Amino acid sequence: MFIHTSFLSRLGAVCLTCCCAYTGHAVAQSAETWRIVIGPEHAVEEATRVAVADLTAAFEDCGLTLSTAEAANGNAILVGSAARDVTPIDTPDDPEGYAIKTIDRDGARTILVSGGSVIGEVYGLYWILDRLRVYGAVPEINTVRTPAMKIRFGAAWGRHGGGGNSKDEMRAALRQSINWVSGPAVLDLVPWNAEPEATTNAVNRAQARELIDYAHSLHMKYFSFANEFTYHPSLMDDIGATSSPCDPKFWDAVQEKFRMLFTALPELDGIELCNDDISGFWEDYRAYDLMHETPECDWSYEKRFRTFVQKVHEVVADEFDKDYFHFTWSLTPHEVHTQPAVFREIFTDAVPTNNLYLIPKITTADRWWHQPYNPTFNLTPHPTLVCFETMNYYESGRAHIFPTFSGEYFQAGLQTFLMPENPNLVGAASLAGTNVDGWDTRSAHTYILYRLMWDPNESVEQIAEDFCAMNFGRDAANDMARIYLLTPSSYKYGLHIEPVSYGQFNSFIHMRVGTFPAEGYPAIDGGKEHLEFLRKIYLRCKPWQHETLDDLQHGLDTANEMQSIFDEAKPTIDKPALADDLANRLAMTRNLIRTNLGYVETMFAYFAYEENSREDNRVALASAIDRFRAARQDFIDTPGFGYELFGVDVLLRNAEALLANRDAALAALDRKPTRSQLDATIAEQQRRYKEVLEKHADKAVKFAHVEIMVDGRDILNIKRDTYEIEHLRWDYPHVRVFEFSEPLPAEPVTVIPRDIESRPMHPFVLEQPGPDNNFTARIYLDDLPGGQGWMTFDLYYISQAPEKLDLQIPWEN
């Protein structure tokens, strides 16, 4: 039994922080010293070095000592051949599997770790680390484990890789046994025939090679992601291709993109692509929606999709023998991600199965509750991975609500997909980063998947208790696990409106990440369009209003139960700041659900009183408003509040107006423009912008140039030479260029946008600068008809008041 001296010399200080559950739980073991003896086959293994460093740090955090040694004296962990030299061990054949056996030797404990290969033994060391963090001491471990999911994939999106952007990320991924990681996006690696992209990407590839080499040293494979079809214009120019599937040169361009990638970066192991929800392009890159654009080409959706996969496969798999992962996500309910018939029509026998892996999400649609499991698994022979996302579409980084623990939902989905006699599920993909320490939603998500990827049938209750032991201590673990396991019910029933959660793609239409969005332009239409949106919800719920409110109350009751359990658990958490944070987040969750309940209850009462002015309806509205207002205020007053209440506030203002004077409120709304009227007014304003700029070209002063990617709605607030973005809906905008040529004067002027490139709803002026708004110009950006797009425009001012130019804003008063 010995450890190679070169391994001892290589065991440096680089390791991840591995906090033990609580050092207080290891007091009885504080004098305990352990040695670790590594077989010579690990001598040059970076994965082993990292695992031993992480394990050593975890021992220290638990008040224990672990040191490397050439021979075992006293308590010891023996790894690989060092373990097998002591006693025969029933080691799994799976290279990633391992056996751990605890024996007594000479009055001391010895833990033997024997794997199907070096990486199997590394995973075994991380299981010891996991048990150490759970128990706060070294428990007796006797287990044989092999991963059920052979591919454990750090999924990517847009420009951001999954688990492979740095060495630290890859070390974190190793702890989770992720064996595919990603880093730079495809667009940032291809050697485009253009500058500055060619030079920039050469640097990117050099950095990627270092990351790929490191991934390989950890026994991981490395891939790059792209939304498709995205490209640099030079590609299409060089090939002479047009954006049409009917153009054979288009397919030449598709193939050349990936041929250029793997020729320039042969170290890359594979790619992951997605043909929908195209958000992964930036700077001078362009996107072409192959599946939906160019209707004059009569190719069907299925033929376009199938041909794309075939053409990419010919290059990636056949020419370069690399792996091709295709994320089948789509934004519509009648396409590949949700429709078995469409899936079968695309992935026929004409689509090869070698080196190709398909990745549907676990949900039929997006990461909302009230979602059936995806029906496109096990339809064709093509190997698949199931993609998991955090099921917290209501949570933003600023929301400060209690985490969501999706273990039971995830486990039942996995078990569903594995039911057939010969399932085609071979792996799992995590689209949520590689958080390994912490108690937030992403960390819980990561830990759940780490456990289920190895054993889909493991007790979720035990997984939750282990997770909570690591983060809150053994004494609090059981109660805290009960709270975590209740979170899906509290959010599903407390935030969703059940009658509108079925029969449509989006099962969560009235809320979004950290936001109650408002439809229309409330600053202009007084909330008229938003009320029409709520009316549709009301009518869907009207036959069963009582049951709808009962469901919401069940969610609130569950949140109250979570708080009650925590009141019992709080004294067992010996970190006061942590206990206070947990209590505050539970209060935030409760007040969010209360606000949502008030929102729906007031919505129902508003439309009932609008329909019939009976006194009982008026009284019901008054009572609903009181509860709604109180819940909203308690929500806002909760420390750390960070939600956007656009829709809440629109309803509350209109409900209060209706209660105060029903006839006047309805008449005022009736005078507000409809969406079609408003669109016509805005179009007329934009026509006038152009006329006025042409007429006053000698007086117009260009003061800013803007290039911004918009996905939803945003307001651009400009004062002097600064700007702020007020985000209203969907994803946050990306500013590529915002250049001031001179400040906007702090005096009455007329601001005029000159559209260069945008969607049909061009930028328009919501408010002109004046003394009432501290000389701030407010520019409204709307990506209609939907889907993100670039807006490029210049901003001018003319030193005259808007009414002098016949550009007064129709809705200003």
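These are my notebook entries on what I looked up in this structure, which is a predicted model.

**Entry 1: the sheet of six strands**

I began with an open sheet of six strands, whose order I noted as β2-β1-β3-β5-β4-β6 and whose pairing is mixed. At its edges I found β2, residues 65–68, and β6, residues 143–145, each of which pairs on one side only. Averaged over the sheet and with direction ignored, neighbouring strands are turned by 20° against each other.

I then followed one pair of strands in detail: β4, residues 98–105, and β5, residues 108–115, run antiparallel and are joined by eight bridges. Looking along this pair, I saw that I103 stands opposite T110 in β5. I reminded myself that in a regular strand the side chains alternate between the two faces of the sheet.

Next I looked for a helix on this sheet and found α4, residues 118–135, which lies across β1, β3, β4, β5 and β6 and runs at about 140° to β5.

**Entry 2: strand β16 and its partners**

How many of the six residues of β16 are buried? I found that five of them are, so to speak of the strand (residues 425–430) as mostly covered is fair, taking buried to mean under 20% relative accessible area.

Strand β7, residues 151–154, runs parallel to β16 and is joined to it by four bridges; here I151 has G427 of β16 as its bridge partner. Strand β15, residues 384–388, also runs parallel to β16, with five bridges between them, and C387 stands opposite A429 in β16. Tracing the chain from β15 to β16, I passed through helix α11, residues 407–417, and this β-α-β crossover is right-handed.

**Entry 3: aromatic rings**

I turned to the aromatic side chains, where the count comes to 56 aromatic pairs. Why is the pair of Y409 and F410 tilted? The ring centres of Y409 and F410 are 6.4 Å apart and their planes stand at 50°, and the pair is therefore tilted, since planes under 30 degrees apart would count as stacked and those over 60 as edge-to-face. Both Y409 and F410 are buried.

A second pair, Y521 and F764, is edge-to-face, with 5.8 Å from centre to centre and 80° between the planes. This pair links distant parts of the chain, for Y521 lies in the loop between α14 and α15 while F764 lies in strand β22, and the two are 243 residues apart. I checked their surroundings as well, and both Y521 and F764 are buried.

I also wrote down one aromatic cluster, which is formed by F402, F405, W439, Y447, Y450, F467, F472 and Y484.

**Entry 4: two helices**

Helix α12, residues 441–454, has 14 residues, and from its first C-alpha to its last it reaches 20 Å, close to the 20 Å expected at 1.5 Å a residue. When I looked at how far α12 is covered, I found 13 of its 14 residues buried.

Helix α20, residues 646–660, has 15 residues and reaches 21 Å between its first and last C-alpha, close to the expected 21 Å. Its buried residues are G647, V648, V650, L651, L652, N654, A655 and L658. Against which helices do the buried residues of α20 pack? I listed α15, α16, α18, α19 and α21.

**Entry 5: the sheet of four strands**

I went on to an open sheet of four strands in the order β20-β17-β24-β21, where the pairing is antiparallel. The edge strands, each pairing on one side only, are β20, residues 734–740, and β21, residues 750–757. Six bridges join β17, residues 701–710, to β20, and these two strands run antiparallel; A704 has F740 as its bridge partner in β20. Helix α22, residues 675–695, packs on the sheet, where it touches β21 and β24, and its direction makes about 105° with that of β21.

**Entry 6: a serine in a loop**

Last, I looked up S244, which lies in the loop between α7, residues 233–239, and α8, residues 248–264. Is S244 buried or exposed? Its relative accessible area is 10%, so S244 is buried. Leaving aside residues up to four places away in sequence, I found that S244 touches F250, Y288, T294 and C297.

Terms used:
Residues are numbered from 1 along each chain as its sequence is written. This is a predicted model: local features need pLDDT of at least 70, side-chain atom pairs count only at pLDDT 80 or more; totals for chains, interfaces and linings use all residues. Side-chain values use heavy atoms; hydrogens and water are left out. Two strands pair if DSSP finds at least two bridges between them. Axes are lines fitted to C-alpha atoms, for helices over the stretch in contact, and angles run from 0 to 180 degrees between N-to-C directions. Contact means heavy atoms within 4.5 Å. The expected span of a helix is 1.5 Å times one less than its number of residues. Buried means under 20% relative accessible area, exposed over 50%, partly exposed in between (1.4 Å probe, protein chains only). A crossover is right-handed if, with the strands pointing away from the viewer, the path from the first strand over the helix to the second runs clockwise. Rings of Phe, Tyr and Trp (its six-membered ring) pair if their centres lie within 6.5 Å; planes under 30 degrees apart count as stacked, over 60 as edge-to-face and the rest as tilted.
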